[in-house]
Amino acid sequence: MLYENILKNVSKCITLTAEETEQFTGMLTTKKVPKKTMLLEEGEICQFEGYLQKGCVRIYYLDENGFEVTLAFAVEDWWISDIASFHYHTPSSLYMETLEDSEFLMLTPDTKERLLETIPKFERVFRMLVQRRLAVLQNRLIHTMAKPAADRYLEFIALYPTISQRVPQYYIASYLGVSPEFVSIIRKRLAAKK
């Protein structure tokens with residue numbers, strides 16, 4: 001069923017009636033996107049809040065030297081958007097790129113607003129999403145500043161075991177704020193310990 005996974009995701013926060021389920025799924029747009037497609041670029045206004053049914057996405061920005069800095073990865077059962085750009089209709093400073101062929105269920109600013117008016121309990125769903133994102137961001141910030149790079153890598157692997165198998169090493173290095181060579185050294189050390 002097309003909506004099975006997103007309905008399970010939503011059911012972690014709220015219970016929908018059959019009528020509400022029909023209203024919600026009727027507001028979603030499906031989108032299939034090939035690998036290496038830019039979903040959002042710096043300067044654009046984000047027009048989607050998307051639930052990732054299948055695939056992998058990287059979210060990044062360009063630093064003052066033009067280097068890509070990976071902020072996040074998203075895989076199945078994750079929601080993606082540039083929250084500030086989406087809600088305030090301001091130009092994004094982010095890039096979002098599919099790393100695999102991906103499938104999304106999308107809400108636009110208009111359909112999300114209509115959803116919140118029609119089924120107010122969805123406020124809880126999106127509040128919980130924002131709280132989770134904030135907690136992840138806060139933990140990442142603390143760990144980036146307080147932990148050695150090798151520990152950050154081990155934590156990344158523990159938290160996101162499937163992502164390390166699906167994305168290039170240099171993207172993981174960018175996410176951790178280290179060089180790809182450093183990640184290679186850590187991987188070799190870990191392999192030698194096994």
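**A tour of strand S4 and a helix pair**

Select S4 and S5: these strands form a hairpin, with five residues between them. Now pick Gly66 in the turn, where phi is positive, at about 85 degrees. Keep in mind that this is a predicted model.

Next, show the pairing within the hairpin. S5 covers residues 68–75. The strands S4 and S5 run antiparallel, and seven bridges join them. For one spot to zoom in on, select Cys56 in S4, then look across to S5: Val75 stands opposite Cys56.

Stay with S4, residues 56–62. Is this strand mostly covered or uncovered? Mostly covered: five of its seven residues are buried.

Add strand S7, residues 95–98. S7 also pairs with S4, again in the antiparallel sense, over four bridges. Highlight Tyr60 and Tyr95 together. Tyr95, in S7, is the bridge partner of Tyr60.

Now leave the strands and move to two helices. Select H6, residues 149–159, and H9, residues 180–193. Their axes come within 11 Å. At what angle do the axes cross? They cross at roughly 70 degrees. An angle of 65 to 115 degrees counts as roughly perpendicular, so H6 and H9 are roughly perpendicular to each other.

Turn on side chains to see who meets whom. On the H6 side, select Ala149, Ala150, Tyr153 and Leu154. On the H9 side, select Phe182, Val183, Ile186, Arg187 and Leu190, which those H6 residues meet. Colour this contact by class: eight residues are nonpolar, one is charged and none is polar. The charged one is Arg187.

Conventions:
Residues numbered from 1 in each chain as written. Predicted model: local features only at pLDDT ≥ 70, side-chain atom pairs only at ≥ 80, totals over all residues. Heavy atoms only, no water. Buried < 20%, exposed > 50% of the residue type's maximum accessible area, 1.4 Å probe, protein only. Pairing = 2+ DSSP bridges. Axes fitted to C-alpha atoms, helices over the stretch in contact; angles between N-to-C directions. Parallel < 35°, antiparallel > 145°, perpendicular 65-115°, else oblique. Contact = heavy atoms within 4.5 Å.
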